[in-house]
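This report describes a protein model through its cysteines, its charged and aromatic side-chain pairs, and its overall architecture. Please consult the sequence and structure shown below while reading.

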Amino acid sequence: MEKDSNKVVWIYDYVGYILDKCPIDANQVYDFLKEARAKHLVECNDELFKDFTYEKELLKYKSIFET
């Protein structure tokens, strides 16, 4: 990466909604997403562009990187 460069190197956004009939509370879903993302960052060993899966009870987080 170039110092003081305006080039975008990497960007990540979450977009989604909790369905009205979801059996899991919305706060639990958002807490799970935060937990999964933090775990991904810790376990990636500085390889952010690596696929990652995390499961906890009924929830599953999966990041897939493609070029």
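## Cysteines

Cys22 is partly exposed, with 29% relative accessible area. Cys44, by contrast, is buried, at a relative accessible area of 4%. The model is a predicted one, and a search across the whole structure returns zero disulfides. In general terms, a disulfide is a covalent bond that joins the sulfur atoms of two cysteines.

## Architecture

The protein comprises one helix and two strands, arranged along the sequence in the pattern α-β-β. Helix 1 spans residues 26–43 and strand 1 spans residues 52–56, while strand 2 covers residues 59–63.

Of the 67 residues of the protein, 18% count as buried. The accessible surface amounts to about 6200 Å², and carbon and sulfur atoms contribute 51% of that area. Among contacts with a sequence separation of 6 or more, 38% are between residues 24 or more positions apart.

## Salt bridges

Two salt bridges are present in the structure. Glu35 pairs with Lys56, and their closest N and O atoms are 3.2 Å apart. Because Glu35 belongs to helix 1 and Lys56 to strand 1, this salt bridge ties together parts that lie 21 residues apart in sequence. Glu35 is partly exposed at 31% relative accessible area, and Lys56 is also partly exposed, at 36%.

The other salt bridge joins Lys39 to Glu43, with 2.9 Å between the closest N and O atoms. Both residues are in helix 1, and as they are four residues apart, about one helical turn separates them. Lys39 is partly exposed, with a relative accessibility of 32%. Glu43 falls into the partly exposed class as well, with a relative accessibility of 38%.

| Salt bridge | Distance between closest N and O atoms |
|---|---|
| Glu35 and Lys56 | 3.2 Å |
| Lys39 and Glu43 | 2.9 Å |

## Aromatic pairs

How many aromatic pairs does a search of the whole structure find? The search finds two. In one of them, Phe32 and Tyr54 are stacked, with their ring centres 5.6 Å apart and 10 degrees between the planes. This pair links distant parts of the chain, since Phe32 is in helix 1 and Tyr54 is in strand 1, 22 residues apart. Phe32 is buried, at 5% relative accessibility. Tyr54 is likewise buried, with a relative accessible area of 14%.

The other pair consists of Phe52 and Tyr61, which meet edge-to-face at 6.1 Å centre to centre, with 65 degrees between the planes. Phe52 and Tyr61 are both buried.

## A polar contact in strand 2

Tyr61 also takes part in a polar contact of 3.1 Å, which its side chain makes with the side chain of Ser63. Ser63 is located in strand 2. Is Ser63 buried or exposed? Its relative accessibility is 3%, so Ser63 counts as buried, the cut-off for that class being under 20%.

## Summary of the side-chain pairs

Helix 1 and strand 1 are connected by the salt bridge between Glu35 and Lys56 and by the aromatic pair of Phe32 and Tyr54. The salt-bridge partners Glu35 and Lys56 are partly exposed, whereas the aromatic partners Phe32 and Tyr54 are buried. Tyr61 forms an aromatic pair with Phe52 and a polar contact with Ser63.

How values were computed:
Residues numbered from 1 in each chain as written. Predicted model: local features only at pLDDT ≥ 70, side-chain atom pairs only at ≥ 80, totals over all residues. Heavy atoms only, no water. Disulfide = S-S within 2.5 Å. Buried < 20%, exposed > 50% of the residue type's maximum accessible area, 1.4 Å probe, protein only. Polar contact = N/O pair within 3.5 Å; in protein donor to acceptor, adjacent residues only side chain to side chain. Salt bridge = Lys/Arg side-chain N within 4 Å of Asp/Glu carboxyl O. Phe/Tyr/Trp six-rings, centres within 6.5 Å; stacked < 30°, edge-to-face > 60°. Contact = heavy atoms within 4.5 Å. Areas by Shrake-Rupley, 256 points an atom, 1.4 Å probe, with all protein chains shown as cover.
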